[in-house]
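Q: I would like to take a close look at one single part of the structure shown here. Please explain each term where it first appears, as I am in my first year of study.

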Amino acid sequence: MNWDHYMEKRRKPLSEKGLREKISQILKEVDVVISWKMGFDPIHATPHFIRDEKEIEESVFNVFCVHNLTTYLPFMKEKVGIVVKGCDSRTLVQFIQEGLITRENLKIIGIPCSGVVDVKKIMEEIGESPVLQAEILDNSSLKIRTLDGEKFFQIDSVLAQKCKTCRYPTPLIYDHLIGEPIKSQIGWDKAYEDVTEFDKKTLEEKLSFWKKEFEKCIRCYACRNACPLCVCQDRCIAESRDPHFVSQKLELPEKFMFHFIHAIHLAGRCVECGECERACPMGIPVKMMKKKINYEMKQLFDYETGINVDDKPPMYTFKVEEEKIKEHEL
Amino acid sequence: MSQENKRELKIIGFLCNWCSYGGADTAGVSRFKQPTDLRIVRVPCSGRVDPLFVVKALIGGADGVLVSGCHPRDCHYSDGNFYARRRLEMLKRLLPFLGIDPRRFRYTWVSASEGQRWQRVVTEFTKLIHELGPLHGEKEKAFE
């Protein structure tokens, strides 16, 4: 595949000065601004809650800003300013569609994003050695200095999987946009190629694939906790005893059931931000099931999640005559 | 009854109280011969059927699941089966992605007066599940 359009845009570095100025401007109108700052080492970013002018200096935006910060919003009562990438902005649209947030209480700073890295891929290469410095050279490669020496990476080779098929690099909803909008050349078919390819396998192959993958699952629920659209919190039926969908046993049927719950509760809602997959400590491709449902939503209802605030999620509504659903006659 | 030479399989039926359950009753009262593999769960409306009920049944040991409600436009609660249709169709398309034969799950509409149609639905669905064979082994289940 060809990522030339990403390369082209990445040569224009984002001005963090512009971002900080904008944050300082909207901090006057809201109670808190959510952004990123450097985490415990230079290749990890961490969410940054800015309540004071002094904290603005710390905020950053670079290829390590992987988090979808919108995940905090449905539970925040105050007026919030938020920094979003293209993919994160779709979550905001979905929240508004479902009435989980009020647009008036929100100030959105959009950043056209040319992709973030998969930190796990970098960690695999550099091992346990502490990272001292990370530098982006020519906007196409990374220089990472650890205690054991220096390592170079092409950004494209460590790009997060979701960024390779990103269709909305520019936020779809924002009050302020920092930098030039980026257009994606990737069509819908291309973005769902992994799903259609996988679907061509036989039932036995698919079942054994998922058995192998779910075998790894430790049911830590990190995927659920990271998911911005999993908003049931303590009422999650995966942890409830009444109804008792999932038992405490750590066996395959329970794991299958849990992943079915997560996928089906996100039917027609998942915005494919990839947080579930990023949070998974076992490297299970948990996003695939949700992508498959989204693929079917497009086929059945011509609906794409998180695009238009006036849309209604397909499972929240119906048509008396469904054009695409055929009767399953015997 | 008719499957004497074969092991009886487990088929779970979720039937809506107002139409399909009545339809099954009509079939019974009229003494239509039906296979005995089906175990019926009565629900207030097909809209009550969470797709996860179907998944739970299939993972938990059922070989097939049948959901039946009122015909579209005939729902007792006016629109329950419209929601059900969308959800169940979504599930039917998701199942093969996980390697579960989508033919093991069927949703259909049977009204209270359609005893004969109910007999046909049950007989043909049971026949199909017998053709597909058991999903779970005698000792080991399919998802273990």
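A: In this predicted model, 29 residues of chain A are in contact with 30 residues of chain B; two residues are in contact if their C-beta atoms, placed from the backbone, lie within 7 Å. On the side of chain A that touches chain B, at least two residues each come from helix H8 (203-215), helix H10 (252-265) and helix H12 (287-301) of chain A. Helices (H or I, at least four residues) and strands (E, at least two) are DSSP runs, numbered from the N terminus. The most is given by H10(A), with 7 residues on that side. By class, the side of chain A that touches chain B comprises 21 nonpolar, 1 polar and 7 charged residues. Here Ala, Val, Leu, Ile, Met, Phe, Trp, Tyr, Cys and Pro count as nonpolar, Asp, Glu, Lys and Arg as charged, and the others, Gly among them, as polar.

Two conventions apply throughout. Residues are numbered from 1 along each chain as its sequence is written, while chains are lettered from A and ligands numbered from 1 in the order in which they are written. Since the model is predicted, local features need pLDDT of at least 70 and side-chain atom pairs count only at pLDDT 80 or more, whereas totals for chains, interfaces and linings use all residues.

The helix H10(A) deserves closer attention. Its 14 residues should span 20 Å at 1.5 Å a residue, and the end C-alpha atoms of H10(A) are indeed 20 Å apart, which agrees; the expected span is 1.5 Å times one less than the number of residues. Of the 14 residues of H10(A), 12 are buried, so this helix is largely enclosed by the rest of the structure. A residue is buried if 20 or more other C-beta atoms lie within 10 Å of its own, exposed if 12 or fewer, and partly exposed in between. The buried residues of H10(A) include A:Phe256, A:Met257, A:Phe260 and A:Ile264, and also the charged A:Glu254 and A:Lys255. They pack against H8, helix H9 (222-226) and H12 of chain A, together with helix H2 (51-60) of chain B.

The same helix takes part in the largest nonpolar core, which has 122 residues. Such a core is a set of buried Ala, Val, Leu, Ile, Met, Phe, Trp, Tyr and Cys residues joined through C-beta atoms within 7 Å. H10(A) supplies the largest share of this core, 7 residues. Among the residues with the most contacts inside the core are A:Met257, A:Val116 and, from the other chain, B:Leu58 and B:Val65. Domain 1 (1-115 + 167-186) and domain 2 (187-316) of chain A both give residues to the core, so it lies between them; these bounds come from an automatic or database domain assignment.

The two domains also touch one another. In chain A, 18 residues of domain 1 are in contact with 19 residues of domain 2. The side of domain 1 that touches domain 2 has 8 nonpolar, 6 polar and 4 charged residues. The centres of the two domains, taken over C-alpha atoms, are separated by 25 Å.

As for the setting of this part, chain A contains 12 helices and 9 strands, and buried residues make up 38% of its 330 residues.
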